[in-house]
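Here is a short briefing on one protein chain. Keep the sequence and the structure open side by side while you read.

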Amino acid sequence: MKRRFDGVFTQQEPIPEAGIDAALEVLRSGRLHRYNVLAGEISQTNALELEFAQTLGAKYCLAVASGGYALSCALKALQIPAGSNVLTNAFTLAPVPGAIASVGAHPIFVETTEDLVVDLADLAQKAESLDVAAFMISHMRGHIAEMDQVVEICERHNITLIEDCAHTMGAYWGDVPSGRHGQVACYSTQTYKHINSGEGGFLITDDPELMARAIMLSGSYMLYETHQMGPEAHVFKDIRWDTPNNSGRMDNLRAAILRPQLAALPEKAAAWNARHDILVKALERVNDVHLAFRPSAEAYVASSFQFRLPSWEEDEIARLVTRCADRGVELKWFGKSEPVGYTSRHDSWRYVAAQDCPNTNRVLSTLLDMRIPLTFSEADCHLIAEIISEEIAAR
Ligand SMILES: *Cc1c(COP(=O)(O)O)cnc(C)c1O
């Protein structure tokens, strides 16, 4: 009898009891808006920003309504002009090119390697040959490129580096937390990321003017001085007049839910990696499977797992996805020409001028991807690995 897996790939863990208690307290107080505080009171949102900045060693931090909002807010706070070129990964999720398009800039896609990171040769070539305002690097599915080289290329061409850390909260490159290589970094607290408030995000930077603009953009009105993790009041002198309000604030309810999750992140990271590494160890022994190389400098927080079958035809991969689904294992295939669910490709974003990314297309056509919610036990991961391995062997 073939074994079946019964877990739910979209089922995250419950909110910790401490978060539920704190949320109830906010609800009972009625003070959900981040600026609605009593004299001397520190709002949950302010406290969260302080704690998040501390975990990353960032000078400034702003909590916002979503990860996608943080990305577009970063571009606006950097004053990236409409019509300029912004580099980003050809392999990323829709909010990234969406944020670039939202400021009227042009996303220019950088090729992806077989190890699922940006191709540094293609990055250097595009940085050299085009007039580029910024590079919004997406650490897609938690795979981190050689960051020293990324920074070097950006510095050489005077390109602002914005990091999309939606998949690398809690991760490191060497001793440096993911998000501390660029001028600004953005994170998401949407349900399927590393900490869960339904919707939410962060923007961090050490640049006082950039943060002052981001705070004004997020909808601080003239209450910016209440931000513990914002720059001093004098930095806002002109910025408060010159910056439009594009409301996208975090609220105290979501901040209350997030604070205990942020404190538990190192422990959760270990749990994710234990599950991920079970899948890696089992699948690396299977014929035809290619796993992304992970450099020793990369300390990942693997909330998902990817593998490739480079020698397989598209119809064979489509059948594998079906056979695994029949046994309860949900694989996402980036090779599908029609976008489905959360999975779309650079050629699905038709508001962007079509671009040739032959290497990315080749990599994505044989790439399979799987979520690892922490509601799965390590035994569950052994079973999932067994099912995938058997179905690959049954090619
Ligand atoms: C989730 C995600 C974002 C931001 O998402 P929101 O849903 O807006 O919080 C940005 N980039 C990537 C790669 C993502 O997966």
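The points below cover the nonpolar cores, one helix, two single residues and a surface patch.

The model is predicted. Its largest nonpolar core holds 57 residues. A second core, separate from that one, has 34 residues.

**Nonpolar cores**
- In soluble globular proteins, nonpolar side chains tend to be buried together.
- In the 57-residue core, the residues with the most contacts inside it are F135, F307, I388 and I392.
- Helix α13, residues 378-393, gives the most to this core, with seven residues.
- The separate core of 34 residues includes V64, V103, C186 and I215.
- Apart from neighbours within four places in sequence, I392 touches eight residues by name: L283, V286, N287, V289, F307, L309, W312 and L320.
- One of these contacts of I392, F307, is also among the residues with the most contacts inside the largest core.

**Helix α10**
- Helix α10 runs over residues 265-283 and has 19 residues.
- From first C-alpha to last, α10 reaches 27 Å, close to the 27 Å expected at 1.5 Å a residue.
- Its buried residues are L265, A269, W272, N273, R275, H276, I278, L279, A282 and L283.
- These buried residues pack against two helices, α9 (252-263) and α13, and against β11 (304-308) and β13 (367-371).
- L283, buried in α10, is also a contact of I392.

**R259 in helix α9**
- R259 sits in helix α9.
- R259 counts as partly exposed because its relative accessible area is 27%, between the 20% and 50% cut-offs.
- Leaving out neighbours within four places in sequence, R259 is in contact with Q44, A47, L48 and E51.
- R259 and G19 are 240 residues apart along the chain, yet their C-alpha atoms are separated by 7.1 Å.

**T112 in a loop**
- T112 lies in the loop between strand β3 (106-110) and helix α5 (120-129).
- T112 is buried, because its relative accessible area of 3% is under the 20% cut-off.
- Beyond neighbours within four places in sequence, T112 contacts A90, F91, V117, D119, N359, T360 and V363.

**Surface patch**
- I20, L24 and L27 make a nonpolar surface patch of about 220 Å².
- L24 belongs to helix α1, residues 17-29.
- L24 is partly exposed, with a relative accessible area of 34%.
- L24 can join a patch because its 34% is over the 30% that patch residues need.

Key. Residues are numbered from 1 along each chain as its sequence is written. This is a predicted model: local features need pLDDT of at least 70, side-chain atom pairs count only at pLDDT 80 or more; totals for chains, interfaces and linings use all residues. Side-chain values use heavy atoms; hydrogens and water are left out. Patches are made of residues with over 30% relative accessible area and no salt bridge: like charges are joined within 9 Å, nonpolar side chains (Val, Leu, Ile, Met, Phe, Trp, Tyr) within 5 Å. Accessible areas come from the Shrake-Rupley method with a 1.4 Å probe; for residues, only the protein chains shown count as cover. A salt bridge is a side-chain nitrogen of Lys or Arg within 4 Å of a carboxyl oxygen of Asp or Glu. Helices (H or I, at least four residues) and strands (E, at least two) are DSSP runs, numbered from the N terminus. Buried means under 20% relative accessible area, exposed over 50%, partly exposed in between (1.4 Å probe, protein chains only). A nonpolar core is a set of buried Ala, Val, Leu, Ile, Met, Phe, Trp, Tyr and Cys residues joined through side-chain atoms within 4.5 Å. Contact means heavy atoms within 4.5 Å. The expected span of a helix is 1.5 Å times one less than its number of residues.
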